[in-house]
Amino acid sequence: MDYLRRSWAQIDLDAIKANYHELKKQVSAACKTMAIVKADAYGHGDGYVSRALQEEGADWFGVSNINEAVSLRRQGITKPILILGFTPPALAGKLAAQNITQTVYSLDYAQELSKEAVKQQVKVNCHVKVDTGMSRIGFFAQSGHGEQAAQEIARTARLPGLSCTGIFTHFSCSDETAVSSREFTRRQFNIFMDTIGRLKNQDILFELHHCCNSAGVICYPQMHLDMVRLGNALYGLDPSDDCKGMIKLVPAMSLYTTVTMVKQVQQGAQVSYGRRYTAQEGEAVASLAIGYADGYRRNLSNKGRVILHGQYAPIIGTVCMDQTMVDVTGIEGVASGDTVTLVGEENGKKVTLDDFAKINGTINYEEACLIGRRVPRVYIQGGKEVAAVDYIIQNF
Ligand SMILES: *Cc1c(COP(=O)(O)O)cnc(C)c1O
């Protein structure tokens, strides 16, 4: 496979397929699946990932915006696509032309979108978003506002430019097992069902009702409804520590880089910007071809570790924009050109995106999304490299 062997992310399509089927096993046969592939499939590359999932039977795809949706259409995705966030109403014609479903989340927005659709002589498919507890986009149905939300959604559903085929909500803490979090999720679900009931009383019906994200699928089997939205877990990442190990997930992404130079330094040599690391006599320092511009975050300076020749090597000094140094003292035969595991498993040693997240004070989702565009995505299937995408020279 021809790609730049500087730093690269290896994406195991078999892992993604296995995770899909593991999640699919949690839901009834009638329950549809929406593969959430926003943010370039959480950094895994939306084209190959989405095509693999489409082949496996994913019914819908979910993205954050219209450019991501158009990108999927260009890359061969023919299944319905839902945009989970904002699209300028002026793009009504483009939504309709590409058969992309838009989330409508307020009466104001729905009216503007409908007006543009009528003007452009199209009908836009929509799913209605209900705010049952996230307090972000969505018809506000929290704490006694159910009737008002239902009235506004009913008016939305009757707008001439829209065809409202689905209704959904999103959980804020379905990944937490604390009693108060479970109560909150149940309350969100009840508000959602109550809103649906109020609409039914006015003969406003929807084909698809959905509320579960990955954690919802794993923790709330009674809430799957007509469709589940599978994100993080598809990529083999645990939605949270609370959800860890509840179902068997295989991480799909590994990250590799290359040793560019190895040197023996003298006692007191200071490594990288700001001289934040001081070496011992005879310490072996390897420079690696990855830095924070690749999404290998600067916060890992003096904290993270890599795997080289099957052994851990600690990051020393500050992570630079394009380079990182590690201490390879005592690791036999390290040489320029060697492959280094930054995320993945080697010789029973392991570094995960969760490890990064702990050091960086964030969640594995963010770590996956931040892997840079400068890092080619290399796809493996049946243990063999089958494709590579290089965003810089756009060979996809
Ligand atoms: C991102 C997103 C999801 C997927 O969530 P995961 O926790 O990654 O499974 C589902 N629904 C909506 C509305 C989202 O924005």
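Start at Asn232. One of its polar backbone atoms lies 2.7 Å from an oxygen atom of the ligand. Keep in mind that this is a predicted model.

Stay with the ligand and select Gly231. A backbone N or O atom of Gly231 is 3.1 Å from a ligand oxygen atom. Now click on Ser214. Here a polar side-chain atom does the reaching, and it lies 2.5 Å from an oxygen atom of the ligand.

How much of the ligand's accessible area does the protein cover? On its own, the ligand has 390 Å² of accessible area, and the protein covers 92% of that.

**The shell around the ligand**

Next, select the residues around the ligand. Pick Ile36, Lys38, Tyr42, Leu84, Arg136 and His170, then add Asn213, Ser214, Arg229, Gly231, Asn232 and Tyr365. Colour this shell by class. You should get four nonpolar, five polar and three charged residues. Now show the pockets, if your viewer can. The ligand takes up the space of the largest pocket.

**Lys38 and Tyr273**

Which residues does UniProt give for the feature "active site"? Its unreviewed entry places that feature at Lys38 and Tyr273. Select both. They span 236 residues in sequence, and their farthest two C-alpha atoms are 35.1 Å apart, so they do not all gather at one spot. From this set, Lys38 is part of the lining of the largest pocket.

Zoom in on Lys38. Its place is in helix α2, which runs over residues 38-42. You have already met Lys38 among the residues around the ligand.

**Arg136 and Met321**

Move on to another UniProt feature. For "binding site", the unreviewed entry lists Arg136 and Met321. Select this pair too. The two span 186 residues in sequence, with the farthest C-alpha atoms 34.4 Å apart, so they do not all gather at one spot. Of these residues, Arg136 is included in the lining of the largest cavity.

Where in the chain does Arg136 sit? Look at the loop between β6 (124-131) and β7 (139-140), and you will find Arg136 there. Arg136 also belongs to the shell around the ligand.

**Residues 252-380**

For the last stop, select residues 252-380. UniProt, in an unreviewed entry, places the feature "domain: Alanine racemase C-terminal" here. Switch to a cartoon view. Over this stretch the chain is 12% helix and 34% strand. Finish by marking the C-alpha atoms at the two ends of the stretch, which are 10 Å apart.

Note on methods:
Residues numbered from 1 in each chain as written. Predicted model: local features only at pLDDT ≥ 70, side-chain atom pairs only at ≥ 80, totals over all residues. Heavy atoms only, no water. Near = heavy atom within 4 Å. Polar contact = N/O pair within 3.5 Å; in protein donor to acceptor, adjacent residues only side chain to side chain. Areas by Shrake-Rupley, 256 points an atom, 1.4 Å probe, with all protein chains shown as cover. 1 Å grid on protein atoms, 1.4 Å probe; cavity = no way out; pocket = protein on both sides within 12 Å on 5 of 7 lines; lining within 4 Å. Sits in = over half its atoms within 2 Å of the grid points. Nonpolar A, V, L, I, M, F, W, Y, C, P; charged D, E, K, R; others polar. UniProt positions renumbered as here; feature names shortened; annotations may be inferred. Helix = DSSP H or I, 4+ residues; strand = E, 2+ residues; numbered from the N terminus.
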